[in-house]
Amino acid sequence: MTDASVTRRLFSTLVATAFSATLAGSAFAADQIVLRVGDQKGGNRSLLEFSGQAKDLPYKIQWSEFPAAAPILEAINAGALDVGHTGDLSFLTVFANGSPIKAIGGVRANANTQAILVRNDSPIKTIADLKGKRLAGTRGGWGQFLINATLEKGGYKTTDATFAPLGPVDAKIALVAGSIDGWAVWEPYISYAVLKDNARVVTDGAGLTPTLTFIVASDQAIATKREAIADFLNRLNKAREWSRSRLPDYAKNTAELTKLPEDVLLRAYQQQDTRPIAIDDGVIKEFQEASDRATRYGIVNKPIDVNKAVDRSFTKDLAVSN
């Protein structure tokens, strides 16, 4: 087996292990609502369990684990999931294609939790050095957007670098192997690459993206499971605020659940400083600006009125500073 194959196998085991679990006890009636929730790297499941918000649920949660947003959105669109979480642009690309889905809540992280990475021995030091290079990222999401926005920030055309559409697992392998020059990605992949793969950050998303992650639900689920979805979102928001002063313990709990390294998760959580948002006029404005820019880049295939992509009712009473 080649080194690349071994690395791929190990990394896939860490970040893309599929599992489903049900937080349910004998107290639940057989006909009670089951909320099917897509998670990434165990983050939200761990958050609810760690904070105690998973106790005494008036419904069942069936968790399914995914390595990135795209398969979560595909599953929601196919009716296999009710709720999931995803970056703002990945959500928009799916909504633009007619998927019956809405953003109902979410979180904001610091802008340095999106970044372009290179190998530590790379000659790339600045944005100018990215010109003419092969850069990987997720198509239709933060990766592609950050590459284009970074090139534009440096005064270059978006075509001045070669875009390689790769998911996180394949992009990580390609960076280590040297078949790409840079990788645009988010946490905790950034922390994993920096701590375990000797990668280096060239530039991040400051001033280029609102760094929003949305909780999304299908229109069908909103219509038939509204109370359960509202309760789930409320518990997530409470758990998020509670965890912000307990990040080491949160990282330990998530590491036990996902088998990701604890030091990677702790660095990622500290970098993110993730906090809940209300979907209000300010968030809508930021989201619209990002949408318009993504349309200009060709990431989103048509102009979107983001007001039609969100449901404000779930966070209308949420007291947060966006």
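Mentor: A definition to start: two strands pair if DSSP finds at least two bridges between them. Keep in mind that this is a predicted model.

Trainee: Which residue in β9 does Gln114 stand opposite?

Mentor: Start with the strands. β6 and β9 pair in the antiparallel sense, over four bridges. Opposite Gln114, in β9, stands Trp186.

Trainee: How many bridges join β6 to β10?

Mentor: β6 covers residues 114-119 and runs antiparallel to β10. Arg119 faces Ala199 of β10, and Leu117 faces Val201 of that strand. The number of bridges joining β6 to β10 is five.

Trainee: In what order do the five strands of the open sheet stand?

Mentor: Pairing in this sheet is mixed. From one strand to the next, the twist averages 30 degrees. The order is β8-β7-β9-β6-β10.

Trainee: Which strands stand at the edges of the sheet?

Mentor: Look for strands with a single partner. Each of these has one side without a neighbour in the sheet, because a single strand pairs with it. They are β8 (162-165) and β10 (199-204).

Trainee: How many of the six residues of β6 are buried?

Mentor: Buried here means under 20% relative accessible area. β6 is largely enclosed by the rest of the structure, because most of its residues meet that cut-off. The count, out of six, is five.

Trainee: What angle does the direction of helix α5 make with that of β6?

Mentor: Helix α5 spans residues 142-153 and packs on the sheet. It touches β6, β7, β8, β9 and β10. Its direction makes an angle with that of β6 of about 80 degrees.

Trainee: And at what angle does helix α6 run to β9?

Mentor: Helix α6 takes in residues 168-177. It lies across β6, β7, β9 and β10. To β9, it runs at about 145 degrees.

Trainee: Which residue with positive phi follows α7?

Mentor: Helix α7 covers residues 189-196. Its buried residues are Tyr189, Ile190, Ser191, Tyr192 and Ala193. After the helix comes a residue with phi near 60 degrees, Asn198.

Trainee: Over which residues does pLDDT stay under 50?

Mentor: The protein averages a pLDDT of 88, and 89% of the residues score at least 70. One stretch stays under 50, although the model has 57 contacts for it beyond four places in sequence. That stretch is residues 1-30.

Key
Residues are numbered from 1 along each chain as its sequence is written. This is a predicted model: local features need pLDDT of at least 70, side-chain atom pairs count only at pLDDT 80 or more; totals for chains, interfaces and linings use all residues. Side-chain values use heavy atoms; hydrogens and water are left out. Helices (H or I, at least four residues) and strands (E, at least two) are DSSP runs, numbered from the N terminus. Axes are lines fitted to C-alpha atoms, for helices over the stretch in contact, and angles run from 0 to 180 degrees between N-to-C directions. Contact means heavy atoms within 4.5 Å. pLDDT is the predictor's confidence in each residue, from 0 to 100. Buried means under 20% relative accessible area, exposed over 50%, partly exposed in between (1.4 Å probe, protein chains only).
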